[in-house]
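Here are some notes on the model, set out point by point. They start with the surface and overall form, then turn to one helix.

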Amino acid sequence: MTPTHFTFSTAFILGLAGLAFHRTHLLSALLCLEGMMLSLFLALSMWTLELNSPNFASSPMLLLAFSACEAGAGLALLVATARTHGTYHLQSLNLLQC
């Protein structure tokens with residue numbers, strides 16, 4: 001494993017660990033998801049450069065577009081949760097009460 005691949009893998013694993021272990025705020029969960037998507041974008045970009053194939057050139061941009069949509073939907077949910085529940089802590093959310 002090259003140091004570049006190790007760096008991207010470590011960034012993804014750290015984002016996943018942050019998402020799994022720090023579940024107090026919705027904003028921190030969204031930031032961990034964005035970190036994971038950024039590491040996937042960089043890894044996919046490096047992979048297409050290593051393959052030197054024009055067939056995979058649009059894959060990183062497609063992933064980046066989906067990441068932007070995910071960020072927009074996450075922030076919309078954050079605002080809606082803060083308005084309805086008064087807080088964005090994940091412990092205060094209960095699916096049985098909605």
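1. How much area does the protein expose, and what share of it do carbon and sulfur atoms supply? The exposed area comes to about 7000 Å², with 73% supplied by carbon and sulfur atoms. The model is predicted, so this value, like the others here, is computed from predicted coordinates.

2. The protein contains 3 helices and 0 strands. From the N terminus on, its elements follow the order α-α-α.

3. On overall form, the radius of gyration is 17 Å, whereas a compact globule of 98 residues would have one near 13 Å. The C-alpha trace spans about 50 × 25 × 20 Å along its principal axes.

4. Of the 98 residues, 19% count as buried. Taking contacts between residues at least 6 apart in sequence, 57% join residues at least 24 apart.

5. Helix H1 covers residues 3-21, which is 19 residues. From its first C-alpha to its last it reaches 26 Å, close to the 27 Å expected at 1.5 Å a residue.

6. Which residues of H1 are buried? They are Phe8, Gly15 and Gly18. Seen down the axis of H1, these buried residues fall within an arc of 90°, so they line one face of the helix. Their packing partner is helix H2 (26-51).

7. The face of H1 turned away from the buried side carries exposed residues: Pro3, Phe6, Ile13 and Phe21. Phenylalanine thus appears on both sides of the account, with Phe8 buried and Phe6 and Phe21 exposed.

Terms used
Residues numbered from 1 in each chain as written. Predicted model: local features only at pLDDT ≥ 70, side-chain atom pairs only at ≥ 80, totals over all residues. Heavy atoms only, no water. Helix = DSSP H or I, 4+ residues; strand = E, 2+ residues; numbered from the N terminus. Expected span 1.5 Å × (residues − 1). Buried < 20%, exposed > 50% of the residue type's maximum accessible area, 1.4 Å probe, protein only. Arc of directions from axis to C-beta. Contact = heavy atoms within 4.5 Å. Rg over C-alpha atoms; globule rule 2.2 N^0.38 Å. Areas by Shrake-Rupley, 256 points an atom, 1.4 Å probe, with all protein chains shown as cover.
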